[in-house]
Amino acid sequence: MHDNRVLVEARIERFTRERILPAVYRQRVPLEVKAWEVPDEPVPFAEAVAQNYQPFSIGASWGRPWSTTWFHLTGQVPSAWDIKGTRPEVVVDLGYTITLPGFQAEGTAYDPQGCILKAIEPLNSYIPAGAAGDAIDIYLEAAANPNVAGLFTFEVTGLGDKATSGDQHAYQLRTLELGLLDVEVWELLQDVWTLAGLMAELPLALPRRLEIMQALDRMVDTVDPEDVSGTAAAGRAVLADVLARPAYASAHRLAAVGHAHLDSAWLWPVRETVRKVARTFSNVVALMEEDPDFTFAASSAQQFAWLQEHYPELFERVKRQVAAGRFVPVGGMWVESDTNLPGGEAMARQFVAGKRYFIEELGVEPLEVWLPDSFGYSAALPQIVAAAGSRWFLTQKISWNETNRMPHHTFWWEGIDGTRVFTHFPPVDTYSSDVSGRELAKAERQYAEKGAGTTSLLPFGWGDGGGGPTREMLAAATRTANLEGSPRVSLSTPQGFFETAEAEYADAPVWSGELYLEFHRGTYTSQAKTKRGNRRSEHLLREAELWASAAAVLRGAAYPYDALEKAWRTVLLQQFHDILPGSSIAWVHQEAERNYADVAEVLGELIRSSIESLAGEGNDVLTFNAGPYPRDGVRALGASVRAPGAESRVTPEGDGYLLENAAVRVIVNGNGLVTSMLDLVADRETIPAGEFGNLLQLFRDTPNQWDAWDIDESYKRGGRDLIEADSVTLTEDRCGVRITRSFGDSRVEQELRLDGESGALDIETVIDWHETQKLLKLAFPLDVHADRAASEVQFGHVYRPTHANTSWDAARFETSAHRWVHVGEPGYGVSLANDASYGYDIRRHERTSGGSSTVVRVSLLRAALFPDPEADQGHQEFRIAVKVGAEIKHAVEEGYRLNLPLRHVTGSADRMTAPFVAVDVPGIVVEAVKLAEDRSGDIVVRLYEAFGAKARGVLTTGFDWTSVDETDLLERVIERSATTSGSDGSIALSLRPFQIVTLRLVRPSGAH
């Protein structure tokens, strides 16, 4: 037989494109179209429907970027369309291209009563139109969302800021008409699409591939190009045999879960996500009415809450499908958050807020954590997941690794405390599958557990900007349920998949430690103001809850449940994996910064009123310490009269200055660089000879792609040290050194001081930043031979190598940390704490005199141009504290010191006799004190072991309680593992390394 495969496949492709596809709609008739353009921000249906609509022509332009136009469509389905095997539909083309669904124009169709029918989006552009003779009366809310992404070439654009997006119309209305769908032709198109996709993936030598090709070729012969409708059934009959061949017995099994990954903000603002939720969820509900087997998984309680607030009628329809088990809430979190940057308590509250919402509003509790797109996964997460009552974890983002490929797709993931959670990476490597032959084959080919496991999860549906599954995807799933050459596809739910996978592969391998994403390392640093807002908000929330709890219990003040819940929900939303990481458009970050300012104002007032209530009347100056360690003579989690530490001395030294106290002596030269940092206690110099601490370094920052997301390792080859200072002088109080320096279009002011109690060198840096595509780091070379560095994560820390022995080590050239990092050798170490930074690189450095030192560099600022060309411009502030002779315990203490300021108020010292809560050992840290979520008045205390070693201690309280229980994060009682109650009102604690413990203390009857 002659090999004419290429010619035959070309014939099949052209016939499908030019003959079958255009014949899907047998007839088309126009509709009457009128329009009203919303002057500014979107308005509700009730307001829009009352406006004066004007005639609008097909082909006319519409839609300034980010604007909304309402189209009113009227007409009648022709009576002659009463034809068996057809379906009248409104066909819409708002002017989009077929690429990038979710990144451009979209629409929401309403009936005249304001009920949403479904959404219009690229690749899902129809609205059911009833039956022959029915009247058409539809309002279509069309969003002119600009395509900020373009073709993802990362070109500079002003489209991400409403102020710079322009006034030109972005779209041209191409189609708004009635079409008569020919069901048989549509089914033929699905047959061809499925078989052609499968054929393209099969080996050339496999007979099955040629059988499919020849069947498709015969189909082309059978279907009359002049009468596709009349011969489509015959064409389908030709393909019936190859579609009926059963899958191989050993075929991979794919649990297909309908999904729509919907970023809560990214290349669109939060207000647009609210509408995207309605569009996506309405599409899903409409599809459920067409296909009784279809199920859909949706994460993020925040998105359900938006639907409940803004679209209550649609929310009730969704709620009914949730009750039926078809619309499945997953994840159990408030949003699909980043997991590198949120603090420990905030990470816990993602689950508390998310699960509470799902349980209280929808009557379900998700058991799987669903984070397909976050930029790496903290090693603290397994314990948090388990403590929230969840069993399973899913992501696919690690498939984006640049260097190393994860060896497993299904495994047990072990966290820093030893907790394990059953984890799955879908081998299809996407959260937005279209159920194509290419993606099904990829999932089967890449599945790493062959021979041990047989099943993986296939999340299908358009995502990122939402959209969700389409009827074409469901048709593909039906055809590949049992098809020779293809994996077996079955519609499922996440829980159904995980139960099957865990049962068949219970002894899966173990991956211990973080799931580091070898990509998007710039997200630890981009949009510094957003990151500062998050850090400040997290710690303000800690203070507000602590002091409000104390005021409620000790003074009878009203506990501000609603205000705190609102603040938490704002902070949790903004920890979404494209907001806090700094990878969204300008609009998103400007809004985030305004929200953080509002949160700070509200919480600041709550803290003020609470501590004033606690302090009472009097003339004593009381200091309140919300930190877990004593400071300046003030007890942890308590208040008293302050006893400041010893003052430091600052004297001239050559052309610079010497700062000294009982712990450390620091020399700052005439350029404001630290040339010596002598530990007076250990009699040890910590700055290597000839090197400089407090060294600002400026690097070229032009990644290959994903500007705001990525730092490429090549940045190291294009940097310079900022040596020269404009001035180095004493501060006005003569207790520190002030340094100014200029470079490019930017200016830096620094103040260096020694903390009187801890002896740490505090560096306050204020920058007026006006660079582009630059990376600014603050470097400290340290004369410490560290083979690893400790970095704080949620409820503990991780160790990472400082060398690059393996490709896995080398790929970690930029890492994240929370409030501190620590480097050390046996018996000696140095810590760096910060108040707003997250990105670091810590590596060994060869010394000219032999051996190696350790260089710690904090990434302060970037200046990416996409998607926000003004990212990070303007005023920025940072605080860094360097402590010599530090152990891990000192690093932990410094992290809290730098992030929790002491607060001062006038009152009576007699009223503050004991800390509200106290623990007698430093390794057990109180992370949160609050009133219970159920508003019972019970006190909830969350603790964790912070040093990485088993710890025993005793917890005491400054209030009465009658009983104590250990609970999960949702404050549900669990079996005790870490506590015993003493007869004296104390609680004995025994915690394993990094263990989180949540205690619920029941107050006496009548005390509430």
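Here are some questions and answers about this predicted model.

Q: Which strands sit at the edges of the open sheet of 6 strands?
A: The strand order in this sheet is β3-β2-β5-β10-β7-β8, with antiparallel pairing. An edge strand pairs on one side only. That picks out β3 (54-55) and β8 (116-120).

Q: What angle does helix α6 make with β8?
A: Helix α6, residues 270-290, packs on the sheet that runs β3-β2-β5-β10-β7-β8. Its contacts there are with β5 (68-76), β7 (106-110), β8 and β10 (135-143). Taking the direction of α6 against that of β8, you get about 110 degrees.

Q: Which residue of β3 is the bridge partner of Lys 34?
A: Strand β2 covers residues 32-37, so Lys 34 belongs to β2. Between β2 and β3 there are 2 bridges, and the two strands run antiparallel. The partner of Lys 34 in β3 is Pro 55.

Q: Which residue stands opposite Glu 653 in β26?
A: Look at the open sheet of 5 strands, ordered β25-β26-β27-β28-β29 with antiparallel pairing. Its edge strands are β25 (649-653) and β29 (684-685). Strand β25 is joined to β26 (residues 656-660) by 5 bridges. Opposite Glu 653 in β26 stands Gly 656.

Q: How much space lies in the largest cavity?
A: Searching the whole structure turns up 13 cavities of 30 Å³ or more. The largest cavity holds about 240 Å³.  Its lining has 23 residues, and the closest to its centre are Gly 343, Gly 344, Glu 538, Arg 819 and Glu 927. The volume to note is again about 240 Å³.

Q: Which element supplies the largest share of the lining of the largest cavity?
A: Several elements each give at least two residues to this lining: α9 (344-362), α14 (528-555), β37 (788-793) and β47 (924-931). By type, the lining residues split into 9 nonpolar, 5 polar and 9 charged. The largest share is 6 residues, and it comes from α14.

Q: Which strand gives the most to the lining of the second largest cavity?
A: This cavity has about 90 Å³ of space. At least two lining residues each come from β37, β38 (796-801) and β42 (839-846). Among the lining residues are Tyr 840, Asp 841, Ile 842 and Arg 843. With 4 residues, the top contributor is β42.

Q: How many charged residues line the second largest cavity?
A: The lining includes Arg 800, Arg 812, Glu 814, Asp 841 and Arg 843. Sorted by type, the lining gives 5 nonpolar and 2 polar residues. The charged count is 5.

Q: How many residues apart are Arg 972 and Glu 365?
A: The structure holds 80 salt bridges, and one of them joins Arg 972 to Glu 365, with the closest N and O atoms 2.9 Å apart. Arg 972 is in the loop between β50 (963-967) and β51 (979-981), whereas Glu 365 is in the loop between α9 and β16 (368-370). So the pair links distant parts of the chain, within the 4 Å cut-off for a salt bridge. The separation along the chain is 607 residues.

Q: Which residue does a cis peptide bond join to Phe 866?
A: Most peptide bonds are trans. Here, though, omega is about 10 degrees, and the bond is cis. The partner is found in the loop between β43 (852-861) and β44 (874-884). That partner is Pro 867.

Q: What is the phi of Leu 637?
A: Most residues other than glycine have a negative phi. Leu 637, in the loop between β23 (620-625) and β24 (638-641), has a positive phi although it is not a glycine. The value is about 55 degrees.

Definitions and conventions
Residues numbered from 1 in each chain as written. Predicted model: local features only at pLDDT ≥ 70, side-chain atom pairs only at ≥ 80, totals over all residues. Heavy atoms only, no water. Pairing = 2+ DSSP bridges. Contact = heavy atoms within 4.5 Å. Axes fitted to C-alpha atoms, helices over the stretch in contact; angles between N-to-C directions. 1 Å grid on protein atoms, 1.4 Å probe; cavity = no way out; pocket = protein on both sides within 12 Å on 5 of 7 lines; lining within 4 Å. Points joined across faces, edges and corners; volume = space filled by probe spheres on them. Nonpolar A, V, L, I, M, F, W, Y, C, P; charged D, E, K, R; others polar. Salt bridge = Lys/Arg side-chain N within 4 Å of Asp/Glu carboxyl O.
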